[in-house]
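Colleague: I'm new to this one and would like to learn how to read it. Could you walk me through it?

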Amino acid sequence: MCITHIFRGGGPVSTEKVQNTHIKALLPELHRSLIDIASVMNRPERDEELLAKAGLSLERALFPLLVLVERLGPIGVVDLAGRVGRDYTTVSRQAARLEELGLIARRPGVADKRVREAVITPNGKTATDAVDAAREEMALEMFKDWTRKDVDDLARLMRRLVDAMSG
C-alpha cells in the first residue's frame, strides 16, 4: 500500500502540506537558535575578547559601529543607528567619538548633501583588519572539527536565510 494512503485515507498527500508541517514543527527550535546566536554575539565578553586579540583598546560600544562603517560605508548615521538598534543621537555621538579617534571621517553625502556619511579612514581600516584577523583565529578554532561540507552548507544556508528575511 502507498504511504500516501496511510496518511490521507486514500487520497494523495500534498507535498506542500507535509513541508509546512515540517517547518511548523521546527520553528521553535529555529527561533531558539537565532535567539541563542544573537545572545552569544551580543555578550560584552565576546567583544572584549575579540578586541583584546586584535590588540585594540576601543570602547566596546564603538566597536560594532566601526565595523559597520568599514563594511557598509559610506553610510549615514540614521542608517547606522537602525542597523545597530540604537537611537540616532547616541550613534551620532559615538560616530563623533570614532572621528575624534581618527578611525572614521564624516562628510556630506554624495546623493544628499544634508546627510552626513561616515567613511573608514586608513587608521580605521588598520583596526578593522586587526579585528578580522582575530575573528578569523576564533572562527578557525570554533570550526576546527567541522567538515568542509558542513561549513559550506552553513555559509550557503545563512546567506539564504538573511536574503529571505530581508525580503
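Colleague: How much area does the protein expose, and what share of it do carbon and sulfur atoms supply?

Modeller: The protein exposes about 11900 Å², and carbon and sulfur atoms supply 58% of that. Accessible areas come from the Shrake-Rupley method with a 1.4 Å probe; for residues, only the protein chains shown count as cover. Keep in mind that this is a predicted model, where local features need pLDDT of at least 70, side-chain atom pairs count only at pLDDT 80 or more, and totals for chains, interfaces and linings use all residues. Residues are numbered from 1 along each chain as its sequence is written, and side-chain values use heavy atoms, with hydrogens and water left out.

Colleague: What percentage of the residues in the protein is buried?

Modeller: Of the 167 residues, 22% are buried (under 20% relative accessible area; exposed is over 50%, partly exposed in between, with a 1.4 Å probe and protein chains only).

Colleague: How many helices and strands does the protein have?

Modeller: Eight helices and three strands, taken as DSSP runs numbered from the N terminus (helices: H or I, at least four residues; strands: E, at least two). Along the sequence they run α-α-α-α-β-α-α-β-β-α-α.

Colleague: How is a pair of aromatic rings described?

Modeller: By the distance of the centres and the angle of the planes. Rings of Phe, Tyr and Trp (its six-membered ring) pair if their centres lie within 6.5 Å; planes under 30 degrees apart are stacked, over 60 edge-to-face, the rest tilted. This structure holds one such pair. F143 and W146 sit edge-to-face, 4.8 Å centre to centre with 80 degrees between the planes. F143 is partly exposed at 24% relative accessibility, and W146 is partly exposed at 40%.
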